[in-house]
Amino acid sequence: MSHFSHVVPAENARCVHFPAGERQYRAGRIFPVFLPFLGCPGQCVYCAQDRQTGQGNARGTASILSAVRPGLEQLRPCGTGEERELAFYGGTFTALPDADRALCLDLLHDMRQSGRITHARCSTRPDALPPSVLKELSLHGIDLVELGIQSFDDKALSLSRRGYTGKDAEAGCLAVTEAGLRLGIQLLPGMPGSSPDIFLADVRKALSLSPACLRFYPCLVPEGTVLARWYREGSYRPWTVEETVRTLGAALNMAWQARVPVIRLAVAPEPAFDKALLAGPRHPALGALIQAEALLLAAQDAADALGKKPEMLVLPRFCQGFLYGDKGALKARWRLLGLRPERIRFEETAHEATLF
Ligand code: SF4
């Protein structure tokens, strides 16, 4: 089904406007505080947060917070209209011991009071959301809660030993929005028991829950995890880079058309983590390859909606960096659409794509 059923071609089908994403990373806007494994009920089969955050897992909340406070205090207060977000990532924030969560919220309070921070988010599990804690978060200045949903599929959840069902995951999402907090949904394409079709169904389900943002973390195989053992035994096979690009490209296009930002398409580079990887879809430009695939799919849908051979495509300037994929691999597919390089223009001020 075309994602463009809602698009009314403008001016008697002379052009079609469509979303083409946004710049993927806005450096400096988010100040992260990593709390690897803290509050987690155990170590999930694929999780190597200590390596992923480059931080090890030997420290407690108080020690992590005292290490980040000086950096925060050096920030200059935000000017009018400027935004800076404090993000408590890693671990299970809503299951931290009460006293530890209070320390985090105290830090947030101080930073908000001094104008250095204007927003805040935390990440947690969908089965660790007591109403009293959600209320506490919203009262103490957290605006957005990201849930490590991973999948809504019961089989994938059970094979990955997540300890909750798809229904529980959905209930967790609703609990966040009902508490008046914005919702972020993290998915784990390629997790044990998943498939491209299951992942695309997960994305559709996620988009139906009115999230403020999504994150996709293609499943990798870090050393020292249960997944590494399953991989060695031959009972788990990660997705290839090609499978990941094709599937996440389709998923990203779905999110664009629903106008929901996808704020991550791959695990961030981290030398200690990369060194510990056994297998999985790792590529230095994975995010750009996925964006390129999504843009091509979006343009194909727009061409169908246009109902005639496209003559010109105008894109926001930031698309120029990824348009043709790895070493121009997508050029032939663009040409098949009738869009040779001379028919594609980039504009600084364009926020959406327009196909004529
Ligand atoms: S996946 Fe989430 S809940 Fe599981 S160990 Fe990692 S941080 Fe904790």
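User: Which residue follows α9, and near what value is its phi?

Analyst: This is a predicted model, in which local features need pLDDT of at least 70 and side-chain atom pairs count only at pLDDT 80 or more, while totals for chains, interfaces and linings use all residues. Residues are numbered from 1 along each chain as its sequence is written, and side-chain values use heavy atoms, with hydrogens and water left out. Helices such as α9 (H or I, at least four residues) and strands (E, at least two) are DSSP runs, numbered from the N terminus. α9 is followed by glycine 234, and the phi of this glycine is positive, near 85 degrees.

User: Why are the buried residues of α9 on the same side of the helix?

Analyst: A residue is called buried under 20% relative accessible area, exposed over 50%, and partly exposed in between (1.4 Å probe, protein chains only). In α9, which spans residues 226–233, the buried residues are Leu227, Ala228 and Trp230. They lie on the same side because the directions from the helix axis to their C-beta atoms cover an arc of only 160 degrees.

User: Which residues are exposed on the other side of α9, and what covers its buried ones?

Analyst: On the other side of α9, the exposed residues are Arg232 and Glu233. The buried residues, by contrast, are covered by elements that include α6 (154–159), β8 (221–222) and β10 (277–279).

User: Between which domains does the largest nonpolar core lie?

Analyst: A nonpolar core is a set of buried Ala, Val, Leu, Ile, Met, Phe, Trp, Tyr and Cys residues joined through side-chain atoms within 4.5 Å. The largest one has 110 residues, of which Leu86, Phe88, Ile185, Phe216, Leu295 and Trp334 touch the most other members, and helix α12 (residues 286–306) gives the largest share, 12 residues. Domain bounds come from an automatic or database domain assignment. Since both domains give residues to this core, it lies between domain 1 (10–19 + 295–355) and domain 2 (30–284).

User: Is phenylalanine 37 buried or exposed, and what is its relative accessible area?

Analyst: Phenylalanine 37 is found in the loop between β2 (30–34) and α2 (49–52), and its phi is near 65 degrees, a positive value in a residue other than glycine. Phenylalanine 37 is buried, with a relative accessible area of 16%.

User: Is arginine 259 buried or exposed, and what is its relative accessible area?

Analyst: Arginine 259 lies in the loop between α10 (241–257) and β9 (262–264), and although it is not a glycine, it has a positive phi of about 60 degrees. Arginine 259 is exposed, with a relative accessible area of 54%.

Terms used:
Contact = heavy atoms within 4.5 Å.
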